[in-house]
Amino acid sequence: MGYGIVIRVRGDYALFTRPEMKVERVSYDVITPSAARGIIEAVYWKPAIRWVIDRIHVLNEIEFTNIRRNEVSAKISTEKVQRVMKGKEEPLFLASNDVRQQRAAMLLKNVDYIIEAHFEMIPEKSGADDTEEKHFNMVIRRLRKGQYHHAPCLGAREFGAKLELIENGHIPRSCHSGKRDLGWMLYDLDFSNSNDIKPLFFHAIMQDGVVDLTQIQLRR
């Protein structure tokens, strides 16, 4: 296992959308590993390293609330963008007023997580000056200063995340006890074949408020 970090992630609302819900957005019960990785990568990402989520601690009760959000029902096609890039003169914009629609969403509220993660070096993308110590010191420094490349969020950009580095090894106690089956959950996307990107799922079990990702089996 590579160099590891422990961070606390909090927010008023979160939306970790279940992919099986096609129309109305419904959140998973807890943050997904891919969303947790995205939060860390918002702070520090380099091609030479790969972040791996080890454990997710769920500190607060799992609470849901319903809201309605304005969304758009269309998007600009990649073909149109490519035509404009090649010099064709045509409007390249989306009139949101014409395609706006309201959709219901079931969100999590008052979320509070501890994320344990580590990074691994990617040899084929590492340079001579890429060392584990270098990347570890850089991510720790950025977390201490509250720096990030883009604002970390809890599943959707409007739900901002508050980050705190845990350095003393003290992890707050979860309010959960016992075993809770969270069902099948999205783990991440497999980009090994860029022409056939596949989702990876795992059976999520929360024991005393902790989802341990170190011994899971992934399924497509």
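A contact here means heavy atoms within 4.5 Å. In this predicted model, 74% of the contacts in the protein chain between residues at least 6 apart in sequence join residues at least 24 apart.

The protein chain contains 4 helices and 9 strands. Along the sequence, these elements follow the order β-β-α-β-β-α-α-β-α-β-β-β-β. The pattern opens with two strands and closes with four. Taken along the principal axes, the C-alpha atoms fill a box of roughly 55 × 50 × 35 Å. The chain has 220 residues, and 38% of them count as buried. Its accessible surface comes to about 13300 Å². Carbon and sulfur atoms account for 47% of that surface.

Arg18 offers a local view of the fold. This residue sits in the loop between strand S1 (4-14) and strand S2 (25-26). Is Arg18 buried or exposed? Its relative accessible area is 16%. Buried means under 20%, so Arg18 counts as buried. Not counting residues up to four places away in sequence, Arg18 touches Val26, Ser27, Tyr28, Asp29 and Trp184. One of these partners, Val26, belongs to strand S2 (25-26). Asp29 is another partner. Arg18 and Asp29 are 11 residues apart in sequence, and their C-alpha atoms are 9.7 Å apart in space.

Asp29 also appears in the lining of the largest cavity. The structure holds 1 cavity of 30 Å³ or more. About 60 Å³ of space lies in the largest cavity. Besides Asp29, the lining includes Val58, Asn60, Glu61, Ile62 and Glu63. Leu108, Lys109, Asn110, Val111, Asp112 and Tyr113 also line this cavity. Which strand gives the most to the lining? Strand S5 (residues 100-121) does, with 6 residues. By residue class, the lining divides into 5 nonpolar, 2 polar and 5 charged residues. Val58 and Ile62 are among the nonpolar residues. Asn60 and Asn110 are polar. The charged group includes Asp29 and Lys109.

The cysteines were also examined. A disulfide requires a pair of cysteine sulfur atoms within 2.5 Å. By this rule, the count comes to 0 disulfides. Cys153 has a relative accessibility of 24% and counts as partly exposed. Cys175 is partly exposed as well, with a relative accessible area of 37%. Both values lie between the 20% cut-off for buried and the 50% cut-off for exposed.

Note on methods. Residues are numbered from 1 along each chain as its sequence is written. This is a predicted model: local features need pLDDT of at least 70, side-chain atom pairs count only at pLDDT 80 or more; totals for chains, interfaces and linings use all residues. Side-chain values use heavy atoms; hydrogens and water are left out. Buried means under 20% relative accessible area, exposed over 50%, partly exposed in between (1.4 Å probe, protein chains only). On a 1 Å grid over the protein atoms alone, a cavity is a set of points where a 1.4 Å probe fits but cannot get out, and a pocket is an open set with protein on both sides within 12 Å along at least five of seven lines; lining residues have an atom within 4 Å of a point. Grid points are joined across faces, edges and corners, and a volume is the space filled by probe spheres set on the points. Accessible areas come from the Shrake-Rupley method with a 1.4 Å probe; for residues, only the protein chains shown count as cover.
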